[in-house]
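The exercises below work through one protein chain, from its overall make-up to single residues. Please look at the sequence and the structure first, then try each task before reading its solution.

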Amino acid sequence: MEWHACLDEYEKLVIRMTTPRVVIDNAVCPTATLVKVDSARRDGILLDAVQVLTDLNLSIKKAYVSSDGQWFMDVFHVTDLNGNKLTDESVISYIEQSLETSFPDRSHGFDGSTALELTGTDRVGLLSEVFAVLADLQCDVVDAKVWTHNGRIASLISVKDCNSGSPINDSQQIDRIESRLRNILRGDNDIRSAKTSVSLAITHTERRLHQMMFADRDYGRKPVLQCREDSPVVTVQNWAERGYSVVNVQCKDRAKLLFDVVCTLTDMQYVVFHATINTAEDKAYMEFYVRHTDGTPISSEAERQRVVQCLRAAVERRASDGVRLELCTSDRQGLLANVTRTFRENGLNVTRAEISTTNDIARNVFYVTDAIGNVADPKIIETVREKIGLGELKVKELPLIYHEREEAAVGVGGAVLSLGSLVRKNLYNLGLLIKSYS
């Protein structure tokens with residue numbers, strides 16, 4: 001590292017200590033790549049680290065976090081979505097460079113487009129109406145993400161002017177777009193809660209969707225479907241001796257699960273000091289030792305219940321049920337309006353969507369159910385595919401992220417230590433051996 005001539009030795013020491021150090025190890029664990037990060041602690045540092053990994057579509061199979069005093073240490077066991085260790089040197093290099101830059105702001109902007117934020121009451125065909133309005137107003141949808149939960153919908157949609165290909169900056173046109181979309185979102189009985197606005201796009205897209213649904217209080221609304229056996233289980237207890245609140249989450253494992261939970265804790269103004277994350281087959285077990293940003297634990301039963309509700313919602317928002325349909329075709333004006341209208345006309349409801357356009361090729365993912373949230377009839381799915389194009393709209397399985405494997409372990413001098421043992425050992429060395437909560 002080259003130093004500026006004006007820096008004294010103390011300033012150099014501070015820079016060394018505050019710059020994250022990253023080690024990526026493929027030799028220790030037989031089933032995953034270890035990503036080790038240690039750095040001076042600051043607010044949001046855990047979320048930044050998890051965000052870098054999840055943005056690369058990596059699966060975090062195990063992890064432990066230790067952060068007391070002014071120091072932060074994480075170890076993540078990661079694989080690609082097919083369960084393989086990381087071997088691509090460009091990916092490894094990107095992780096190292098991204099994590100070693102003191103975690104700069106990783107906001108996702110919408111270059112060359114106008115970003116719209118929408119929230120309201122979900123219903124069958126709503127997305128079709130939204131895209132139809134945008135097409136009618138000469139708006140070309142470049143990118144979009146749509147989440148639904150507990151009868152609510154949140155969406156970030158990036159649009160351009162169809163004719164010029166430029167961002168929409170005319171205030172009167174923006175007002176027309178917002179007004180028309182707000183009327184669609186309100187429907188017949190949602191006068192107060194439907195919202196539309198132009199986003200400044202200063203926040204990570206998926207984090208912003210969590211924030212929008214949190215502000216919409218989706219977590220406090222009655223679920224549309226009855227609770228299922230695989231619903232997330234969340235418990236919160238206080239460890240008075242250490243001044244922590246202990247949050248346990250058990251649920252079905254899936255991609256980006258850890259990001260969703262850490263994102264919600266961070267935006268609720270909690271700091272994660274210690275954590276253990278473990279997955280077995282298709283289940284995830286997460287334990288977090290948290291405090292408020294002012295250093296105090298959760299102080300009331302009402303707050304405890306709110307944390308439970310919010311974390312359940314965070315897990316469920318992205319875990320949309322439904323058949324995964326992928327559309328890959330040449331982009332054209334009105335494409336999304338036509339496709340989603342076909343879904344609506346055949347009684348399919350879109351529970352989640354990811355829209356992207358690259359080099360005039362539309363690559364869209366839709367999760368669809370029947371009108372009441374049950375699994376869609378395969379015959380209806382095939383009918384829809386025939387109408388849209390069998391070669392363009394395909395049924396896709398989720399990536400294979402669960403592999404039968406021996407429990408991940410680390411051999412030291414002939415002994416085998418599980419990840420939990422390593423966590424306890426490190427915390428013990430810090431004088432912070434964590435009690436076990438069942």
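## The chain as a whole

The secondary structure of the protein chain comes to eleven helices and 18 strands, and the model on which these exercises rest is a predicted one.

**Exercise 1.** Determine what share of the residues of the protein chain counts as buried, and what share of the accessible surface belongs to carbon and sulfur atoms.

*Solution.* Begin with the residues: the protein chain has 438 of them, and 48% count as buried. Turn next to the surface, where the accessible area comes to about 21300 Å², with 49% of that belonging to carbon and sulfur atoms. Finally, consider how the contacts span the sequence: among those between residues at least 6 apart, 72% join residues at least 24 apart.

## Two helix pairs

**Exercise 2.** Describe how helix H4 and helix H9 are oriented to each other, and which residues make their contact.

*Solution.* Take the geometry as the starting point: the axes of H4 and H9 come within 8 Å and cross at roughly 155°. Angles over 145 degrees count as roughly antiparallel, and H4 and H9 are therefore roughly antiparallel to each other. The crossing of the two helices is left-handed.

The next step is to list the partners. On the H4 side the contact involves Leu127, Ser128, Glu129, Phe131, Ala132 and Ala135, and these meet Leu336, Ala337, Thr340, Arg341 and Arg344 of H9. Sorted by character, the residues of this contact comprise six nonpolar, two polar and three charged.

One of the H4 residues, Ser128, can be followed further. Ser128 counts as buried because its relative accessibility is 3%, and, leaving aside residues up to four places away in sequence, it touches Ala337, Thr340, Arg341 and Arg344. On the other side, H9 spans residues 335–345, and its buried residues include Leu336, Ala337 and Thr340.

**Exercise 3.** Carry out the corresponding analysis for helix H6 and helix H7, giving their orientation, handedness and contact residues.

*Solution.* H6 covers residues 205–215 and H7 covers residues 257–267; their axes come within 10 Å and cross at roughly 60°. That angle makes H6 oblique to H7, and H6 passes H7 in a right-handed crossing. The contact is formed by Glu206, Arg207, His210 and Gln211 from H6, together with Phe259, Asp260, Cys263, Thr264, Thr266 and Asp267 from H7. In this contact, two residues are nonpolar, four are polar and four are charged.

## Strands S14 and S15

**Exercise 4.** Establish whether Asn349 and Thr369 are buried or exposed, and find which residues they touch.

*Solution.* Asn349 has its place in strand S14, and with a relative accessible area of 10% this residue is buried. When residues up to four places away in sequence are not counted, Asn349 touches Asp122, Arg123, Val124, Gly125, Tyr367, Val368, Thr369 and Asp370. For one of these partners a distance can be added: the C-alpha atoms of Asn349 and Gly125 are separated by 6.5 Å, although the two residues lie 224 residues apart along the chain.

Thr369, which is found in strand S15, likewise counts as buried, at 2% relative accessibility. With the same exclusion of residues up to four places away in sequence, the residues that Thr369 touches are Asp321, Gly322, Gly347, Leu348, Asn349, Thr351, Asn374 and Ala376. One of them, Gly347, comes just after H9 and takes a positive phi of about 75°.

## Positive phi outside glycine

**Exercise 5.** For Asn57 and Asn359, find in which loop each residue lies and how far each is exposed.

*Solution.* Consider Asn57 before Asn359. Asn57 sits in the loop between helix H2 (45–55) and strand S3 (59–68), and its phi is near 60°, a positive value in a residue other than glycine. Since its relative accessibility is 42%, Asn57 counts as partly exposed.

Asn359 lies in the loop between strand S14 (349–358) and strand S15 (361–369). Its phi is also positive, at about 50°, although Asn359 is not a glycine. With a relative accessible area of 72%, Asn359 is exposed, because the cut-off for that class is over 50%.

Note on methods: Residues numbered from 1 in each chain as written. Predicted model: local features only at pLDDT ≥ 70, side-chain atom pairs only at ≥ 80, totals over all residues. Heavy atoms only, no water. Buried < 20%, exposed > 50% of the residue type's maximum accessible area, 1.4 Å probe, protein only. Helix = DSSP H or I, 4+ residues; strand = E, 2+ residues; numbered from the N terminus. Contact = heavy atoms within 4.5 Å. Areas by Shrake-Rupley, 256 points an atom, 1.4 Å probe, with all protein chains shown as cover. Axes fitted to C-alpha atoms, helices over the stretch in contact; angles between N-to-C directions. Parallel < 35°, antiparallel > 145°, perpendicular 65-115°, else oblique. Left-handed = near helix turned anticlockwise from the far one by under 90°. Nonpolar A, V, L, I, M, F, W, Y, C, P; charged D, E, K, R; others polar.
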